[in-house]
Amino acid sequence: MPDSPAPFALLPGAAASPVILHVPHSSREIPADVRPGIVLTDAELERELDHMTDAHTDEIAERAAALAARTPWRFVNRVSRLVTDPERFPDEREEMTAVGMGAVYTRTSHRAALRARGTDPEPLIERWFRPYARAMTEAVADRLAVTGRAVIVDVHSYPTEPLPYELHGAGPRPPVCLGTDGFHTPPELLAAARRAFAPCGETALDSPFAGAYVPLDFYGERREVAALMVEIRRDAYMTEPGGPAGPGLSRVAASLAALVDAVSG
């Protein structure tokens, strides 16, 4: 569609960098051809975007890339996760389907209807999810071919207070949550992240969000693909919900750059 934005952008880094900063949830963009399938009013949709967008995480990644000694690659989603969520499994493996938040969301953050009952997710998955997954797979394969390894660092944020959709919202909500994968998160990557984000405050593992994104072609297969999810509590760098960034953003970006430097060598 002519009025549809590009679904993603791969922003090149240094040729020798193995690091990909993955920014999947920073956009508020709803393409014109997707909007009719969302049952919220415009005002309700704006409020939902306030809650569900990881605001300013694209800027955090951009600043970190500029600060890093060896520029990382960046893979940035240009459309909202309310179009499709590239980090969900597109099948029965996805636990968030239980609350209407699989690859295509049917419920809101407060468990109200987002799309009509019986909506077929396949057209959205074909148009948005699969091309994104293919491009991210190719980006990782390229880093493997050039450097012999790939390090995916997911850049996310989360609200200070749990939202009703959260399945594990009762646990700790530290300033920095580090999401790990038993196969793809080596101890040295985790240790580097703890050191890098120490200036931002306490870190915790897999609470309130767990796991790390790896394209399915490599998931559980290639240990040369390392992955870590970095979740920043939003009050550390912005006004909630959906407000402007504050001075904390510079501190978060510097910590992310320190992590990039630690794992780039």
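## A buried pair of rings

Both Tyr-158 and Phe-209 are buried. This is a predicted model. The two rings form an edge-to-face pair, because their centres are 6.0 Å apart and their planes stand at 65 degrees, and an angle over 60 degrees counts as edge-to-face. Tyr-158 belongs to strand S4, residues 150-158. Phe-209 sits in the loop between strand S6 (203-205) and strand S7 (225-233). The pair therefore ties together parts that are 51 residues apart in sequence.

## The stacked pair and its cluster

The count of aromatic pairs comes to 5. One of them joins Phe-8 and Phe-75. This pair is stacked, with 5.4 Å from centre to centre and 20 degrees between the planes. It links distant parts of the chain. Phe-8 is in strand S1 (residues 8-11), Phe-75 is in strand S3 (residues 73-77), and their positions lie 67 residues apart in the numbering. How exposed is each partner? Phe-8 counts as partly exposed, at 25% relative accessibility. Phe-75 is buried, with a relative accessible area of 0%.

Tyr-132 joins Phe-8 and Phe-75 in one aromatic cluster. Tyr-132 comes from helix H3, residues 122-147. With a relative accessible area of 2%, Tyr-132 is buried. Which residues does Tyr-132 touch, leaving aside its neighbours within four places in sequence? Its contacts are Pro-7, Phe-8, His-22, Val-23, Pro-24, Phe-75, Asn-77 and Pro-86. Thr-84 is 48 residues away from Tyr-132 along the chain, and the C-alpha atoms of the two are separated by 9.9 Å.

## Arginines over rings

Two arginines lie over aromatic faces. Arg-127 lies over the face of Trp-128, at 4.0 Å from the ring centre. Arg-223 lies over the face of Phe-183, and here the distance to the ring centre is 3.8 Å.

## Helix H5 and its partners

Helix H5 spans residues 248-264 and packs against helix H2, residues 57-67. Their axes are 8 Å apart, at an angle of about 55 degrees. That angle makes H2 oblique to H5. The crossing is right-handed. Which residues meet here, from H2 and from H5? H2 supplies Glu-59, Ile-60, Ala-61, Arg-63, Ala-64 and Leu-67. H5 answers with Leu-249, Ser-250, Val-252, Ala-253, Ala-254, Leu-256 and Ala-257.

H5 also meets helix H4, residues 187-196. The axes of H4 and H5 come within 8 Å and cross at roughly 145 degrees. This crossing is right-handed. From H4, the residues in contact are Leu-189, Ala-192, Ala-193 and Ala-196. They meet Ser-255, Ala-258, Leu-259, Ala-262 and Val-263 in H5.

## Ser-157 in strand S4

Ser-157 lies in strand S4. Is Ser-157 buried or exposed? At 4% relative accessibility, Ser-157 counts as buried. Thr-57 is 100 residues away along the chain, and the C-alpha atoms of Ser-157 and Thr-57 are separated by 7.2 Å.

Leaving aside its neighbours within four places in sequence, Ser-157 is in contact with seven residues that include Thr-57. Among the others are Asp-54, Ala-55 and Glu-231. Ile-232, Arg-234 and Tyr-237 also touch Ser-157.

## Backbone features in the loops

Where does the chain hold a cis peptide bond? One joins Ser-207 and Pro-208, with omega about 10 degrees. Pro-208 is in the loop between S6 and S7. Another cis peptide bond joins Glu-240 and Pro-241, with omega about -20 degrees. Pro-241 is in the loop between S7 and H5.

Two residues have a positive phi although they are not glycines. For His-56, phi is about 70 degrees. His-56 is in the loop between helix H1 (42-52) and H2. For Asp-206, phi is about 55 degrees. Asp-206 is found in the loop between S6 and S7. Its relative accessible area is 28%, so Asp-206 is partly exposed.

Methods: Residues are numbered from 1 along each chain as its sequence is written. This is a predicted model: local features need pLDDT of at least 70, side-chain atom pairs count only at pLDDT 80 or more; totals for chains, interfaces and linings use all residues. Side-chain values use heavy atoms; hydrogens and water are left out. Rings of Phe, Tyr and Trp (its six-membered ring) pair if their centres lie within 6.5 Å; planes under 30 degrees apart count as stacked, over 60 as edge-to-face and the rest as tilted. Helices (H or I, at least four residues) and strands (E, at least two) are DSSP runs, numbered from the N terminus. Buried means under 20% relative accessible area, exposed over 50%, partly exposed in between (1.4 Å probe, protein chains only). A charge sits over a ring if NZ of Lys or CZ of Arg is within 6 Å of the ring centre and within 35 degrees of the ring normal. Axes are lines fitted to C-alpha atoms, for helices over the stretch in contact, and angles run from 0 to 180 degrees between N-to-C directions. Angles under 35 degrees count as roughly parallel, over 145 as roughly antiparallel, 65 to 115 as roughly perpendicular and the rest as oblique. A crossing is left-handed if the near helix is turned anticlockwise from the far one by less than a right angle, and right-handed if clockwise. Contact means heavy atoms within 4.5 Å.
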